[in-house]
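Student: I have a model open and want to test the terms used for it. Can we go through them?

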There are 2 protein chains.
Amino acid sequence: MRINFKVKRTIKLGIYCLFFVQTGWSQNSDQEQIKKIYDVALTQGKSYDWLNYLSNQIGGRLSGSIQAQQAVNYTKQELDSLGLDKVWLQPVMVPKWVRGIPEFAYFETSPGVTTNVPITALGGSVATPPNGVKSEVVEVKGLEDLAALGEAQIKGKIVFYNRPMDPTLINTFASYSGCVDQRYAGAMEAVKYGAIGIIVRSMNLRLDDYPHTGSMSYGDLPENKKIPAAAISTNAAELLSATLRLNPNIKFYFKQNCKQFADVESYNVIGEIKGSTHPEEIIVVGGHLDSWDLGDGSHDDGAGCVQSMEVLQIFKKIGYRPKRTIRVVLFMNEENGLRGGTEYANVAKENKENHIFGLESDSGGFTPRGFTFDGPESSFEKIIGWKDLFEPYLIHLFEMGGSGADIGPLKNESITLAGLRPDSQRYFDYHHAENDTFEQVNKRELELGAASMTSLVYLVDKYGLTP
Amino acid sequence: MRINFKVKRTIKLGIYCLFFVQTGWSQNSDQEQIKKIYDVALTQGKSYDWLNYLSNQIGGRLSGSIQAQQAVNYTKQELDSLGLDKVWLQPVMVPKWVRGIPEFAYFETSPGVTTNVPITALGGSVATPPNGVKSEVVEVKGLEDLAALGEAQIKGKIVFYNRPMDPTLINTFASYSGCVDQRYAGAMEAVKYGAIGIIVRSMNLRLDDYPHTGSMSYGDLPENKKIPAAAISTNAAELLSATLRLNPNIKFYFKQNCKQFADVESYNVIGEIKGSTHPEEIIVVGGHLDSWDLGDGSHDDGAGCVQSMEVLQIFKKIGYRPKRTIRVVLFMNEENGLRGGTEYANVAKENKENHIFGLESDSGGFTPRGFTFDGPESSFEKIIGWKDLFEPYLIHLFEMGGSGADIGPLKNESITLAGLRPDSQRYFDYHHAENDTFEQVNKRELELGAASMTSLVYLVDKYGLTP
């Protein structure tokens, strides 16, 4: 690309002014304020440096780990430095699951002829026996295949869940939703038919060598019935499947050493700017501070944390004094318990706090495309009225839909919850895997997300959400 | 991110059907056909494998190089395998500029105390004398600073152009446009004041260590007046600038060995599917096959080439027989001469061909956001009528603007020219630099671009562009 196309932004803005003089926003001052927000994010933003520290100085922040505590301390200290009205830690008990020494796996095509494959224990899984598990493998495309196979074909074997994410869905989160039952419920379902372990194809659209962990559940299985569960990389899943077609009798071996400990105390990290005219109306913006232990959790969800902190930083920088109370919450334990989000909502209820809006960023630090909303139709209609203010920033997606796991417990009849929706194409290349690292986050993309969040919070604060 | 938002795509499509029964497209068959196009691109696309070959088996494809010829041969062979109606090579003479052995540069803060910095010769630059150039440096923020400094402060020195790309522009191509005069005209302007060489800050929004090359011009300067020109990485530009503030008398040394040879013969690679009912109306889709010699030209513009080839591949795969002639053109020599694009337009004119539409992809293989158009207002209005067909694929940008350099020479009063507009945030991290490599291209993003192009070409073919 050598010669460039011209941007006709100025003309377009002029046209907006003509068309939208009747809408629910003040076109000049809001346009200017939002331009200021984006300019500050892109030139004086702190999000990228904060993320660098969280990712490279601290690293993966699994609930209950030293790193999670370091992240609590670091982000509290950074919030303290912003000159907010109040910064505090909200105690919450969190599960402590530890991976232990690295997992190891291979399949054996004939005695002694083995091929090593990359696996990772699913979060919450039990360990294998000390010498590992070894048995024949039965490949299925999902939970629904188990009944047909029955105990006759499953008992004593390892179940290999290998339904890939659907590549034809444009929204990769929809592909993820269509697959993740294998990871979450695979073990508790397979155990009903006598399986001794499960292996799940990683939730990744790309063929590569990274196994992706993630939460799983045993339901109400007693401890002695639990079977070990691990994810295998997509490349290795393809290889294993191809090998099984040639020889269904190959054996799979894996060994993992993970362990669940007693709950430990941790914290949500909270900071707020008190509202000038409606301090009792609270707007929450947040992400989750914990991450999996693989990689450094840059996209999931270091990005969401630093973007949320940036919202308050930008308000301070541009000298915007909000009418309502703007609170940043860095939630602890989204990945394997949601304890932070649950506790935050409980405390809010106890204190009879009035949350009017919650915005979560937990879909990666990629170029923002828009927001999804969950709340009263009337609020959504009001928000849609602001859509044109975002067009210069290529924010185009305003849809009803979900918000974020951590703010979910705040749900009631009146609150509006929202989620930032970045471009989703690359998210699952990194999600819950060793390669979710700082290098995969682009500074501008991260900053544009923060600016988009700040702009939306600014409008909600200024105009409220009542019709 | 653990829990997901729901896509309400089905409902939305239903709503479109209600609203758009009167628009210029047949909602059911077009929706289905476009869905098929995206599905094929994402599941049976060849673009990623083609790009892998171009990038990793061939590499950088500077005009006149062996690699450029290999790329001609390879893409012709691949087009031959698609069962098109005609595939041919169109001869064109191209410049041959060769970088020679690697450039070398340092600045010297006191005799013998030197700091090496990464530079790269600008495309078309002359070499330094065999022992290099060494002199004091005068830093400027652009061409307009030269007159104020005058010969008194410039003569015998190296001019260092250090105006950075504007980070506040959302469209990074606009930032590029606002800076690239320093690279293109920096040498010919500085020479007027007696400069003996120029160094240009790389056209990159990110601070990193990659120098970015690109075309430059000496205007009509005679050979003996030409001065060497190189780009310096953004990190090194910052360092040099900071050092100059401390000590304006530091010396800069650089040495480069590039050389311009006589023109050589090369080719545009062309393939077409003959139109079934209006074969005389030609739709061109293309990218440029040449690249700079740094990196492997994956984003610029291997991506555009394989996406353009994919358009025809997809039509074949879904069994769509176009009404009009669909031609893919892989243009040679966009980067340092535009000879391929110029020759293609000349031959088209000689043959009295009727081109109704041209679409170029030359902005990287990132997630597609939309298209810009250059042509009659009436055509644009017709195209805008199809916009809702693209919404399920998150293609939202339809604006008047530029198209692509290679198809530019086809411009006349009736033709509509268009450019694919991918997300632009990361483009200049890689543009014309050593890190423009295959690893930086995401398969899905590349394929979505190809599908978007195919869908637009399908609609233009089916409905034409006359009002």
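Tutor: We take the terms in turn, beginning with the whole chain.

Tutor: Keep in mind that this is a predicted model.

Student: What makes the radius of gyration of chain A agree with a compact globule?

Tutor: Chain A has 24 Å, and a compact globule of 467 residues would have a value near 23 Å, so the two agree. Along its principal axes, the C-alpha trace spans about 75 × 55 × 40 Å. The secondary structure of chain A comes to 14 helices and 16 strands.

Student: Which residues does the assignment give to each domain of chain A?

Tutor: Domain 1 takes 9-94 + 262-463, and domain 2 takes 100-257. The centres of the two domains, taken over C-alpha atoms, are 35 Å apart.

Student: How do you know that domain 1 and domain 2 of chain A are in contact?

Tutor: By counting residues: 15 of domain 1 are in contact with 19 of domain 2. Between them the two domains bury about 1400 Å², with 61% of that on carbon and sulfur atoms.

Student: Why is the pair Arg206(A) and Asp429(A) called a salt bridge?

Tutor: The closest N and O atoms of Arg206(A) and Asp429(A) are 3.7 Å apart. The rule asks for a side-chain nitrogen of Lys or Arg within 4 Å of a carboxyl oxygen of Asp or Glu, so the pair qualifies. Across the domain interface, the rule finds 1 salt bridge.

Student: What residues make up the side of domain 1 that touches domain 2?

Tutor: They divide into 6 nonpolar, 6 polar and 3 charged. Between the two domains, 4 residue pairs are in polar contact, both residues at pLDDT 80 or more.

Note on methods: Residues numbered from 1 in each chain as written. Chains lettered and ligands numbered in written order. Predicted model: local features only at pLDDT ≥ 70, side-chain atom pairs only at ≥ 80, totals over all residues. Heavy atoms only, no water. Domains from an automatic or database assignment. Contact = heavy atoms within 4.5 Å. Buried area = accessible area lost by both parts, 1.4 Å probe. Polar contact = N/O pair within 3.5 Å; in protein donor to acceptor, adjacent residues only side chain to side chain. Nonpolar A, V, L, I, M, F, W, Y, C, P; charged D, E, K, R; others polar. Helix = DSSP H or I, 4+ residues; strand = E, 2+ residues; numbered from the N terminus. Rg over C-alpha atoms; globule rule 2.2 N^0.38 Å.
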